[in-house]
Amino acid sequence: MRVFIDLMWFFKQEKKAYISGILILAVVAVLHLIPPKIVGYIVDLIKENELTKGTLIKWIIVLIVTALAMYVLRYYWRIMIFGSSLKLARILRNRLFSYFTNMSSSFYQQKRVGDLMAHATNDLQAIQGTAGSGVLTFVDSLLTGGFVVIAMAATISWKLTLIALIPMPFMAILTNYYGSLLHKKFHKAQEAFSSLNDKTQESINGIKVIKTFGQEKEDIESFRAQSADVVKKNVAVAKIDSLFDPTISIVIGLSFFLSIVFGAKYVISNELTIGQLISFTTYLGLLIWPMLAFGSLFNILERGRASYERVSNLLSEPKEILDRPNAINTIPTGSIEYKVKSFHYPNETKPVLEDIHFQLKQGETLGIVGKTGAGKTTLIKLLLREFEGINGTILFGNNRIDEYRIDRLRESIGYVPQDHFLFSSTVKENIAFSDPLIDQTFIEKAAKIAHIHDDILQFTDGYETIVGEKGVSLSGGQKQRISIARALLKDPEVLILDDSLSAVDAKTEEAILKSLKEERSGKTTIITAHRLSAIKHANKIIVLENGKIIESGKHDVLMENDGWYKAMFVSQQLEELVELGGK
Ligand code: ADP
């Protein structure tokens, strides 16, 4: 029952609907008592030879009216109670979604997507079940059960009622025991489902890799194993669940046995009429449903409790990156200065960046180069405040970046990540992501700077063409350029291109860089690249190796050093010459 206490906040919020639903349920439970009573009456009238056509018709009409009233009332309590439970699912779903969108990169690094999806689907369904069928079963079985017992004791025979109830405590003990077993098993079943969800999601995302490596069979095998595990754990739940019904049937059977044996004795000794005994056993039959319902209640509540615990545990994980009290509520502008002694990722000990000190004036372009894994992306992520725990500071304008509100800081930055992502919507919506209502001319302007406008006009529906998972497939270079246009639309203080020109050809790259220079004068740009031509004209270039700056300066200066930069530049030029020669 603890889950009802956990959900009390919701029941309070929806108290009108729940109270009305429960009152209607109570009326239905009382109406339930009428038919057995009438049957008993009629039997006694028949026995006494007193039944007339008129009385029979009268009682039949009462029976029909009762049945009709129950029909209508049942419809309403369903709406009240089940309707409210849908609201609970909606509230929790929205909470989860806004929680997911607010969490930082390190959260997503630790969590598996399939697991998060399972929380948002299966778990919410189980919680909704508790607030709907759970409440219904609990209240209805208590009311129906309670009223039936009262009717038996008060209107027929309290002695016989006590005798009929003798087997009940055994049932309470057993069902309680089954309930505690169920909780553990259900936790395991939900966890197995989470893993299966994760596996499915990963296989679908990685299908190309699976196929090109010919790993379909192995993947299907591993899916089968996990799927079998889910079945096994759910069967374990079902096994315990299945113990409820036989237990209840035995208990009810015993009650019937005792009632008939003792009831018959009372009829013979004239303590009861035969009609009363018939009413009594019919009432006993009415107790079967509340008992069975009580059994299934354990299942519903244990599912709900396990799922509510899972969701609450997830929601209680604190956000790691928070605004400081009195955070600055303006968009940062001005120069950027890194004073980073070191930085290591959460859960790692080895620093990925060390002694990163440089300054970038407003309006300048910074080029960051270095081998894969040198720390270029990490350096950028620190500016976006994706991770905390820097040993040192980064200044933006006159303040440290963590003194600004995070949303303000991010508003000032147009970031094009390495692994660009397009939503399954139109080109236009993808570009206008940060401002869906913006005028088309701005969208086209951004697309022109990113040199994707002409390509878009070639698509069948132009700017209205659907891209992403459900739409046309675009080349890597086209996706990159749409992502650049998306970042440019904000006309950000700082534009960051994280290896975002890798899939466009050298000529287009040059054209994009030229447009950026013209259109973004006075604004800062940071470019990481493998191809040095992308950063050759930068005001400042830094070369990273193993998280440290090994060279820095302008292109000309670096070319005078006999370092990594010069060697790389010469080798890339040679490659280009060879390629040109080959044409
Ligand atoms: P680059 O952009 O130069 O290729 P990265 O900044 O992506 O380099 O990576 C630098 C180092 O940090 C690499 O050794 C990489 O494995 C590690 N790294 C990157 N991202 C994470 C992360 N989220 N958690 C832990 N280590 C990471």
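Helices and strands in this tour are DSSP runs, numbered from the N terminus, with at least four residues for a helix and at least two for a strand. The model you have open is a predicted one.

**First stop: a loop residue with a positive phi**

Begin by selecting Asp499, which sits in the loop between strand E7 (494-498) and helix H19 (506-519). Although Asp499 is not a glycine, its phi is positive, at about 50°. Most residues other than glycine have a negative phi. A second residue to select for the same topic is Asp355, whose phi is near 50°, again a positive value in a residue other than glycine; Asp355, however, has its place in strand E2.

**Second stop: the six-stranded sheet**

From Asp499, step back to strand E7 and bring up the sheet to which E7 belongs, an open sheet of six strands in the order E6-E7-E8-E3-E9-E10, where the pairing is mixed. At its edges you will find strand E6 (413-416) and strand E10 (548-553), each of which pairs on one side only. If you look along the sheet, neighbouring strands are turned against each other by 15° on average, with direction ignored.

Now select E6 together with E7: the two run parallel and are joined by four bridges. Within this pair, Tyr415 stands opposite Ile496 in E7. Add helix H18 (residues 476-489) to the selection, and you will see that this helix lies across E6 and E7, running at about 175° to E6.

**Third stop: the four-stranded sheet**

Next, select strands E2, E1, E4 and E5, which in that order form an open sheet with antiparallel pairing. Strand E2 (353-360) and strand E5 (399-400) each have a single partner strand and stand at the edges, so one side of each is left without a neighbour in the sheet. Helix H13 (residues 376-383) packs on this sheet, where it touches E1, E2 and E4, and its direction makes about 115° with that of E1.

Which strands should you select to see six bridges in an antiparallel pair? They are strand E1 (residues 336-343) and strand E4 (residues 391-396). In this pair, Val340 stands opposite Gly392 in E4.

**Fourth stop: a salt bridge between two loops**

Select Asp402 and Arg324, which form a salt bridge whose closest N and O atoms are 2.8 Å apart. Asp402 lies in the loop between E5 and helix H14 (406-411), while Arg324 lies in the loop between helix H12 (274-315) and E1, so the pair ties together parts that are 78 residues apart in sequence. In the model as a whole, the count comes to 23 salt bridges.

**Last stop: the two domains**

Finally, colour the chain by its domain assignment, which gives domain 1 (85-315) and domain 2 (336-412 + 492-582). The centres of the two domains, taken over C-alpha atoms, are separated by 57 Å.

How many residues of each domain should you select to show the contact between domain 1 and domain 2? Five residues of domain 1 are in contact with four residues of domain 2. The size of an interface is often given as the accessible area lost when the parts come together. Between them, domain 1 and domain 2 bury about 340 Å², of which 42% is on carbon and sulfur atoms. A search for salt bridges between domain 1 and domain 2 gives a count of zero, whereas the count of residue pairs in polar contact, with both residues at pLDDT 80 or more, is one.

Definitions and conventions: Residues are numbered from 1 along each chain as its sequence is written. This is a predicted model: local features need pLDDT of at least 70, side-chain atom pairs count only at pLDDT 80 or more; totals for chains, interfaces and linings use all residues. Side-chain values use heavy atoms; hydrogens and water are left out. Two strands pair if DSSP finds at least two bridges between them. Contact means heavy atoms within 4.5 Å. Axes are lines fitted to C-alpha atoms, for helices over the stretch in contact, and angles run from 0 to 180 degrees between N-to-C directions. Domain bounds come from an automatic or database domain assignment. Buried area is the accessible area (1.4 Å probe) that two parts lose on being put together, summed over both. A salt bridge is a side-chain nitrogen of Lys or Arg within 4 Å of a carboxyl oxygen of Asp or Glu. A polar contact is a pair of N or O atoms within 3.5 Å; within protein, one must be able to donate a hydrogen and the other to accept it, and residues adjacent in sequence count only if both atoms are side-chain atoms.
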